[in-house]
Amino acid sequence: MGEPTIDLLKMELPVEEGRLHLNGDGVKTTGLVLIDVVNGFCTVGAGNLAPKVADKQISEMVEESVRIARLFCEKKWPVFAFLDTHHPDIPEHPYPPHCILGTDEANLVPALQWLENDPNATLQRKDCIDGFLGSIDKHDGSNVFVDWVRNNDIKLLLVVGICTDICVLDFVSSVLSARNRGFLSPLEDVVVYSRACATYDLPLHIANTLKDTIAHPQELMHHIGLYMAQGRGAKETVRSRQLISSRRIEKQRPIRSPSELFKRMFLTPAVKGASKLGVLPEVQERRGEEKNIMFFQAHV
Ligand SMILES: [Zn+2]
């Protein structure tokens, strides 16, 4: 799918932008949730659902997830990591076999393996898409994720990982519903950090050559995942520069008019003073001045 088409769709389905600051006065207890940053989804050639070739969105997600995880662990803030893991005899429809228990596919990517031995981190294997459901003990009904939120007195949840429109979206949706029903006290806010999220790429022309497979254009599906999560209660998106600098969330404007879209699509690095024209963060990113990311925030 061409970039102008995706830009038009983004204009019709805007995701609001903001900044999340995690330091400063009045910091809420913040927990980090890493979703499936495992070899089976992230490491080139690792399995049926791993990228076949180097993937920029996924490698950037891994890099940013590792950076955030290190920051949280240095601060001794709670970290919870889901690892997609399946019994070899129990397939997960409609997906091909992946992340089989005991294989390297079901392990954290090499850059995150240190997390296994970090006392700050809780690792949870899950055999389903939705990590909230995957945290339920099949024998006694307890939920290790709910316990983690309660035991750490978490009020703000920062969510990163893969896939934006599948495991991340389902988890965020369940968490918001559980919070609304009072299961997740004292949790107040859920924030999705878009640049530390990614999804897989399966263009239409390739999907058409495969049996029982539907297209999954990466950039569009990533955006739709963010948009859907926002629709479940998200109010903001944020940039990363200030991620760990303080806790406030500031609003940024979404694209709201064709003229804004024009600026975004056609301004180039050669255009001087573009930021003074109020151009969008995406343009600034093209100019190499600032990386834009998106977050959602969902309020009670
Ligand atoms: Zn799975």
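**Exercise 1. Which residues in helix 6 meet which residues in helix 8?**

*Solution.* The model is predicted: local features need pLDDT of at least 70, side-chain atom pairs count only at pLDDT 80 or more, and totals for chains, interfaces and linings use all residues. Residues are numbered from 1 along each chain as its sequence is written.

Step 1. Helices (H or I, at least four residues) and strands (E, at least two) are DSSP runs, numbered from the N terminus. Helix 6 covers residues 164-180 and helix 8 covers residues 218-231.

Step 2. Two residues are in contact if their C-beta atoms, placed from the backbone, lie within 7 Å. On the side of helix 6, the residues are T164, D165, V168, L169 and V172. They meet M221, H222, I224, G225, L226, M228 and A229 in helix 8.

Step 3. These residues divide into 8 nonpolar, 3 polar and 1 charged. Here Ala, Val, Leu, Ile, Met, Phe, Trp, Tyr, Cys and Pro count as nonpolar, Asp, Glu, Lys and Arg as charged, and the others, Gly among them, as polar.

**Exercise 2. Describe how the axes of helix 6 and helix 8 are arranged.**

*Solution.* Step 1. Two packed helices are described by the angle between their axes and the distance between the axes. The axes are lines fitted to C-alpha atoms, for helices over the stretch in contact, and angles run from 0 to 180 degrees between N-to-C directions.

Step 2. The two axes come within 9 Å and cross at roughly 10 degrees.

Step 3. Helix 6 and helix 8 are therefore roughly parallel to each other, a term for angles under 35 degrees (over 145 is roughly antiparallel, 65 to 115 roughly perpendicular and the rest oblique).

**Exercise 3. Determine how helix 6 and strand 2 are enclosed.**

*Solution.* Step 1. A residue is buried if 20 or more other C-beta atoms lie within 10 Å of its own, exposed if 12 or fewer, and partly exposed in between, with C-beta atoms placed from the backbone.

Step 2. In helix 6, 13 of the 17 residues are buried, so the helix is largely enclosed by the rest of the structure.

Step 3. In strand 2, 6 of the 6 residues are buried, so this strand is largely enclosed as well. T30, L32 and L34 point one way, whereas G31, V33 and I35 point the other way.

Step 4. The largest nonpolar core has 65 residues; such a core is a set of buried Ala, Val, Leu, Ile, Met, Phe, Trp, Tyr and Cys residues joined through C-beta atoms within 7 Å. L34, I35, L157, V159, I162, V168 and V172 touch the most other members. Helix 6 gives the most to this core, with 8 residues.

**Exercise 4. Which strands are joined to strand 2 by bridges?**

*Solution.* Step 1. Two strands pair if DSSP finds at least two bridges between them.

Step 2. Strand 2 is joined to strand 5 by 6 bridges, and the two run parallel. The bridge partner of G31 in strand 5 is L157.

Step 3. Strand 2 is joined to strand 3 (residues 79-84) by 4 bridges, again in parallel. In strand 3, F82 stands opposite I35.

**Exercise 5. Is D36 buried or exposed, and where is D36 found?**

*Solution.* Step 1. D36 is found in the loop between strand 2 (30-35) and helix 2 (39-42).

Step 2. Although D36 is not a glycine, its phi is positive, about 55 degrees.

Step 3. With 26 other C-beta atoms within 10 Å, D36 is buried.
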